[in-house]
Amino acid sequence: MLIRPPAEIAPSEITPPDIYRDRRRFMQGMGALAAGAALGTASDAGAGVKLAGVRDSVHTLDEKRTPYKDVTTYNNFYEFGTGKDDPADRAGSLKPRPWTVAIEGEVHRPQTWDIDALLKLAPLEERVYRMRCVEGWSMVIPWVGFPLNEIIRRAQPTGNAKYVEFVTLHDPKQMPGQRSRVLDWPYVEGLRLDEAMHPLTLLAVGLYGEVLPNQNGAPIRLVVPWKYGFKSAKSIVSIRFVEKQPVSSWMAAIPREYGFYSNVNPQVDHPRWSQAKERRIGEFLKRDTLMFNGYGEQVASLYRGMDLKKFF
Ligand code: MTE
């Protein structure tokens with residue numbers, strides 16, 4: 001998002017060959033089989049493997065879904081490069097098992113969760129969410145996950161916990177893009193505690209009913225559907241409760257352009273482009289961007305009385 005303005009997206013960028021998905025899934029399947037055979041690990045860890053026991057959710061949209069192929073080949077994940085197809089091409093070096101997520105900071109019950117225990121923490125739900133990237137494109141993605149508040153309630157935040165910070169893995173061996181200084185690694189994002197507690201705020205572990213592909217933030221990533229996509233940190237290793245407003249990677253990189261809140265708002269332009277319209281991936285004509293990405297009824301009350309031009 002830093003590198004390229006959100007000009008028109010060339011159709012060639014989002015039209016990978018038909019065989020793409022099958023080839024990738026075949027290779028991932030082979031990888032999972034090999035890992036399972038060698039280590040005796042849970043065979044359900046690999047991308048493309050169906051997640052069991054996923055429930056429907058009331059927090060879901062009845063909107064046309066963006067094809068799986070686009071969701072998994074048109075990505076932003078700077079840890080693997082700044083091109084849209086870099087994550088799908090290069091994220092094979094990420095190892096989503098073994099994996100732990102530390103819950104730390106201002107909580108009465110800090111805890112380090114093994115990812116497979118975390119998967120059993122709460123029932124997995126499918127939630128179809130509208131996602132809007134700050135660059136001007138959007139998708140509709142059927143995520144699988146559970147509300148972040150399930151973890152927060154168990155961790156019991158202290159009275160000092162006002163914000164929550166999300167930290168992505170920092171390991172240039174697995175994430176070769178971290179050898180370049182496009183951002184200050186690790187990738188960090190933050191939410192206010194009430195935003196983090198909101199029932200729409202999801203920790204996703206899958207999409208399209210299957211284990212999350214590496215390029216989409218395996219094994220666990222945040223999804224905050226009323227905010228620009230960059231708030232939804234991928235491949236999280238730490239969830240930290242803090243008193244002061246965190247400085248996110250994008251705020252640190254370009255403070256004039258990226259604020260802490262980053263709520264989708266068609267009336268507040270990015271300094272370099274309008275946010276009034278968006279291109280839904282796969283569609284030709286642009287659509288109007290909706291306030292809070294269409295989730296205003298659920299989330300507008302979080303910002304009552306705030307000047308959203310100032311707190312962008
Ligand atoms: N998380 C990390 N760790 N690194 C990133 O570069 N990119 C963000 C967000 N989370 C990013 C990240 C941006 S800009 C967007 S639009 C979304 O991930 C894209 O998510 P998707 O590729 O699953 O659609």
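A residue counts as buried when its relative accessible area is under 20%. The exercises below apply this cut-off to a predicted model.

**Exercise 1. Ser-235**

Task: State where Ser-235 is found, decide whether Ser-235 is buried or exposed, and describe its phi.

Solution.
1. Ser-235 is found in the loop between β10 and β11, the latter spanning 236–242.
2. The relative accessible area of Ser-235 is 0%, so this residue is buried.
3. The phi angle of Ser-235 is near 45°, a positive value in a residue other than glycine.
4. Most residues other than glycine have a negative phi.

**Exercise 2. Phe-292**

Task: Carry out the analysis for Phe-292: which loop holds this residue, what is its relative accessible area, and what is its phi?

Solution.
1. Phe-292 lies in the loop that runs between β13 (287–288) and α8 (296–299).
2. With a relative accessible area of 5%, Phe-292 is buried.
3. Phi of Phe-292 is near 50°, which is positive, and the residue is not glycine.

**Exercise 3. Cis peptide bonds**

Task: For the bonds from Trp-185 to Pro-186 and between Ala-218 and Pro-219, give omega and locate each proline.

Solution.
1. The bond from Trp-185 to Pro-186 has omega near -5° and is cis.
2. Pro-186 is in the loop between β6 (163–168) and β7 (188–192).
3. Ala-218 and Pro-219 are joined by a cis peptide bond with omega of about 0°.
4. Pro-219 belongs to the loop between β9 (210–211) and β10 (221–223).
5. As background, most peptide bonds are trans.

**Exercise 4. The loop between β9 and β10**

Task: Leu-212 and Gly-217 are both placed in the loop between β9 and β10. Find the relative accessibility of each and a C-alpha separation to a residue elsewhere along the chain.

Solution.
1. Leu-212 has a relative accessible area of 1% and is therefore buried.
2. The C-alpha atom of Leu-212 is 8.1 Å from that of Gly-46, although 166 residues separate the two along the chain.
3. Gly-217 has 0% relative accessibility and so counts as buried.
4. Between Gly-217 and Phe-77, 140 residues apart along the chain, the C-alpha separation is 7.9 Å.

**Exercise 5. The loop between α2 and α3**

Task: Tyr-78 and Glu-79 sit in the loop between α2 and α3. Classify each as buried or exposed, then give a C-alpha separation for each.

Solution.
1. The helices that bound this loop are α2 (68–73) and α3 (86–90).
2. Tyr-78 counts as buried because its relative accessibility is 5%.
3. The C-alpha atoms of Tyr-78 and Val-182 are 7.9 Å apart, with a sequence separation of 104 residues.
4. Glu-79 is also a buried residue, since its relative accessible area is 2%.
5. From Glu-79 to Arg-90, 11 residues apart along the chain, the C-alpha atoms are separated by 9.5 Å.
6. Both Tyr-78 and Glu-79 return in the last exercise, where they are among the residues that come nearest to the ligand.

**Exercise 6. Glu-165**

Task: Which strand holds Glu-165, is this residue buried or exposed, and with which side chain does its own side chain make a polar contact?

Solution.
1. Glu-165 is in strand β6.
2. Its relative accessible area is 12%; this lies under 20%, so Glu-165 is buried.
3. The side chain of Glu-165 makes a polar contact of 2.6 Å with the side chain of Arg-240.

**Exercise 7. The ligand**

Task: Describe the surroundings of the ligand by residue, class, polar distance, cover and cavity.

Solution.
1. The ligand has 16 residues around it, and those that come nearest are Asn-75, Tyr-78, Glu-79, Ser-232 and Lys-234.
2. By class, this shell consists of seven nonpolar, six polar and three charged residues.
3. In the side chain of Asn-75, an N or O atom is 2.8 Å from an oxygen atom of the ligand.
4. For Thr-168, a side-chain N or O atom is 3.0 Å from a nitrogen atom of the ligand.
5. At Ser-232 a polar backbone atom is 2.9 Å from a nitrogen atom of the ligand.
6. On its own, the ligand has 540 Å² of accessible area, of which the protein covers 97%.
7. The largest cavity is the space taken by the ligand.

How values were computed:
Residues are numbered from 1 along each chain as its sequence is written. This is a predicted model: local features need pLDDT of at least 70, side-chain atom pairs count only at pLDDT 80 or more; totals for chains, interfaces and linings use all residues. Side-chain values use heavy atoms; hydrogens and water are left out. A residue is near a molecule or strand if one of its heavy atoms lies within 4 Å of it. A polar contact is a pair of N or O atoms within 3.5 Å; within protein, one must be able to donate a hydrogen and the other to accept it, and residues adjacent in sequence count only if both atoms are side-chain atoms. Accessible areas come from the Shrake-Rupley method with a 1.4 Å probe; for residues, only the protein chains shown count as cover. On a 1 Å grid over the protein atoms alone, a cavity is a set of points where a 1.4 Å probe fits but cannot get out, and a pocket is an open set with protein on both sides within 12 Å along at least five of seven lines; lining residues have an atom within 4 Å of a point. A molecule sits in a cavity or pocket if more than half of its atoms lie within 2 Å of its grid points. Ala, Val, Leu, Ile, Met, Phe, Trp, Tyr, Cys and Pro count as nonpolar, Asp, Glu, Lys and Arg as charged, and the others, Gly among them, as polar. Helices (H or I, at least four residues) and strands (E, at least two) are DSSP runs, numbered from the N terminus. Buried means under 20% relative accessible area, exposed over 50%, partly exposed in between (1.4 Å probe, protein chains only).
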